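Trainee: Take me through one part of this model up close, please: the pockets and what surrounds them.

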Amino acid sequence: MADAEARQATAAAVAAVRDLSLSRGAAARVGRAALAGLPGFTSGDAPASAVLTAAAPDRRAVYDRRAHAGLRSLGIPLPHSRGRYSRYIDVIDRLLAAAPDPVRTWTPRETDTALSCLPSLSPAPPSA
């Protein structure tokens, strides 16, 4: 891929996730789509979410297997289908809206960090 093409795609992704006129979920969808044509970003959301979070840490969250496991431990399903990253951001927004103070004021990035810790905080299953 030509350097100019990669720069154009990343510039579009950065602009999208920083666009305050878009909801965080919509911005995630547009930003993720902008990165989809880049080598290494065609499938899976973890690398793309890291790039998008670096571009707008106050509006983005990293999605990885640990965050996914944290959601699962809370009983929140997140299917592995197209559009998962924007649905993940929407879930984080709902969690924050329902959270008590001071959690309600956390950034999405702080929330994904907490989600990543949840599975390790779960008690071990009883031994047989």
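Here is a walk through the two largest pockets and some of the residues around them.

Mentor: Some ground rules to begin with. Residue numbers start at 1 in each chain, following the sequence as written, and side-chain values rest on heavy atoms, with hydrogens and water left out. The model is predicted, so local features need pLDDT of at least 70 and side-chain atom pairs pLDDT 80 or more, while totals for chains, interfaces and linings use all residues.

Start with the largest pocket (an open set of 1 Å grid points, over the protein atoms alone, where a 1.4 Å probe fits, with protein on both sides within 12 Å along at least five of seven lines). Its volume (the space filled by probe spheres set on the points) is about 350 Å³. The lining (residues with an atom within 4 Å of a point) has 16 residues, and those nearest the pocket's centre are Arg32, Asp45, Arg82, Gly83 and Arg84. Two helices (DSSP runs of H or I, at least four residues) each give at least two residues to this lining: α2, residues 24-35, and α5, residues 84-98. The largest share, four residues, belongs to α2. By character, the lining of the largest pocket splits into seven polar, five charged and four nonpolar residues; Gly counts as polar here, and Asp, Glu, Lys and Arg as charged.

Asp45 deserves a longer look. You'll find Asp45 in the loop between α2 and α3, the latter covering 46-55. Asp45 counts as buried (under 20% relative accessible area with a 1.4 Å probe, protein chains only) because its relative accessibility is 9%. The side chains of Asp45 and Arg32 make a polar contact at 2.9 Å (a donor and an acceptor, N or O, within 3.5 Å; residues adjacent in sequence count only through side-chain atoms). Setting aside neighbours within four places in sequence, Asp45 is in contact (heavy atoms within 4.5 Å) with Arg32, Arg84, Tyr63 and Tyr85. Arg84 and Tyr85 are also among the buried residues of α5, a list that includes Tyr88 and Leu96.

That list leads us to the second largest pocket, since Leu96 is one of its lining residues. This pocket holds about 150 Å³, and its lining also includes Leu74, Leu95, Ala99, Val103 and Trp106. Helices α5 and α6 (108-121) are the elements giving two or more residues to that lining, and α6 gives the most, with four. Here the split is nine nonpolar, one polar and no charged.

While you're on α6, check Asp112, which sits in that helix. Asp112 counts as buried because its relative accessibility is 3%. Beyond four places in sequence, Asp112 is in contact with Ala61, Val62 and Tyr88. In the loop between α5 and α6 you'll meet Pro102, and the peptide bond leading from Asp101 into Pro102 is cis, with omega near 0°.

One last stop is Ser73, in helix α4, residues 65-73. Ser73 is classed as partly exposed (between 20% and 50%) because its relative accessible area is 40%. A polar atom of the Ser73 side chain lies 2.7 Å from the backbone oxygen of Gly70. As for Ala99 from the second lining, Ser73 is 26 residues from Ala99 in sequence and 17 Å away in space, C-alpha to C-alpha.
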